[in-house]
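Student: Please take one part of this model and go through it closely with me. I would like to see how that part sits within the whole.

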Amino acid sequence: MTGSSVPSPADDAIARWGKPPAAPVQDAAEVHVWRASLDRTPEEIEAFRHLLSPDELRRAERFVFEVHRHRFIAGRGCLRSILARYLAIAPADVAFDYGPQDKPQLAAGHATGQPLHFNLAHSDALALFAVTGIGAIGVDLEQIRPDCPAEQIARHFFSDNEVDRLGRLPSEERATAFFHCWARKEAFIKAKGVGLSLPLDQFDVTLAPGEPASLTRTAWDPGEAAQWSLRSLDAGPGFAAALAVRGHGYRLRCWQFERTAGGEAAR
Ligand SMILES: CC(C)(COP(=O)(O)OP(=O)(O)OC[C@H]1O[C@@H](n2cnc3c(N)ncnc32)[C@H](O)[C@@H]1OP(=O)(O)O)[C@@H](O)C(=O)NCCC(=O)NCCS
């Protein structure tokens, strides 16, 4: 914060990411979103590395640049640390299975009573982790790049309806609307776990600034859109982020993940 008592938009965005409880409880009426920085000290990266499974370490080794390797290690380390808090186990003991399109889920051996659904997204040095007991969940995070050829990409990937609505916006609003639209669409396909095997032009989401996030139509089932809630997340200045959940009427809680000295590895 600056000396001013009036928070800047950036301060305000950050202030909404509160301090998490030490032992968060999976709740059938809540969705928890955790935000974390992936730029960590060398000591933290080393500690996170010790939490990873052999297959995660193999994936880490495939990154050419160290910065990307370290962010992957931090992302998986944070994911394990967060899930471990719900499961009351050590982060290194969290085990994953993967769907046909690689969506990670908890391995069947974790007895959680009701399923613990989660998803994560990263962009640059920022990551979001969404956790819920409600149902399928997807989260996406995109860094807004004002110089991106938004309309050209939209024509290639978005539905006709979305391309039309994007084109009607004032030109100065299009780049931001494009990234919000992209984040909403990716959050939905990530919740379904289908990856880009589901063409992005086969469903519509809202995109205009100020318009609440919503899945308005899917080409394959007139009843599907009503099953889902979509919402925007304020991940911080310069980012567009969205959350898709199969279900309605939940309470959203947003927390900042900070790994404390001594950390999760010791648990
Ligand atoms: C899911 C996907 C759209 C996200 O891509 P992205 O924008 O580059 O990355 P994001 O930061 O939003 O999300 C990445 C995270 O989503 C998760 N994820 C991976 N595949 C996923 C899927 N199919 N559905 C939901 N989440 C997925 C992972 O946790 C991943 O992070 P990690 O690898 O560090 O653990 C993209 O990875 C994709 O299309 N994957 C499918 C790949 C596929 O079809 N594989 C089949 C192999 S046979």
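Tutor: Happily! Let's start with the whole: of the 267 residues in the protein, 35% are buried. A residue counts as buried if 20 or more other C-beta atoms lie within 10 Å of its own, as exposed if 12 or fewer do, and as partly exposed in between, with C-beta atoms placed from the backbone. Please bear in mind that this is a predicted model, where local features need pLDDT of at least 70 and side-chain atom pairs count only at pLDDT 80 or more, while totals for chains, interfaces and linings use all residues. Numbering starts from 1 along each chain as its sequence is written.

The protein has seven helices and 11 strands; these are DSSP runs numbered from the N terminus, with helices being H or I of at least four residues and strands E of at least two. Its radius of gyration is 19 Å, close to the 18 Å that the globule rule gives for 267 residues, so the protein is as compact as a globular protein of that length. That radius is taken over C-alpha atoms, and the rule is 2.2 Å times the number of residues to the power 0.38.

The part I would pick is strand β4, residues 117-123. Six of its seven residues are buried, so β4 is largely enclosed by the rest of the structure. Seven bridges join β4 to strand β5 (residues 126-132), and the two run antiparallel. Strands pair, by the rule used here, if DSSP finds at least two bridges between them. One bridge links Ser123 to Leu126 in β5. Together β4 and β5 form a hairpin with two residues between them, and in the turn Asp124 has a positive phi of about 55 degrees.

Now zoom in on His122, which lies in β4. His122 is partly exposed, with 18 other C-beta atoms within 10 Å. Leaving aside residues up to four places away in sequence, His122 touches Leu38, Arg71, Gly75, Ala127 and Leu141; contact here means C-beta atoms, placed from the backbone, within 7 Å. Pro146 is 24 residues from His122 in sequence and 19 Å away in space, C-alpha to C-alpha.

Next, the setting of β4. The protein is divided into domain 1 (9-134 + 250-266) and domain 2 (141-246), with bounds that come from an automatic or database domain assignment. Between the two domains, 23 residues of domain 1 are in contact with 18 residues of domain 2. On the domain 1 side, the elements that give two or more residues are α1 (9-15), β1 (30-37), β4 and β5. The residues on that side divide into 12 nonpolar, six polar and five charged. In this count Ala, Val, Leu, Ile, Met, Phe, Trp, Tyr, Cys and Pro are nonpolar, Asp, Glu, Lys and Arg are charged, and the others, Gly among them, are polar. The C-alpha centres of the two domains lie 24 Å apart.

To round off the picture, consider helix α4, residues 66-87, with 22 residues. Of these, 16 are buried, so α4 is largely enclosed by the rest of the structure. Just after α4, Ala88 takes a positive phi of about 55 degrees.

Methods
The expected span of a helix is 1.5 Å times one less than its number of residues.
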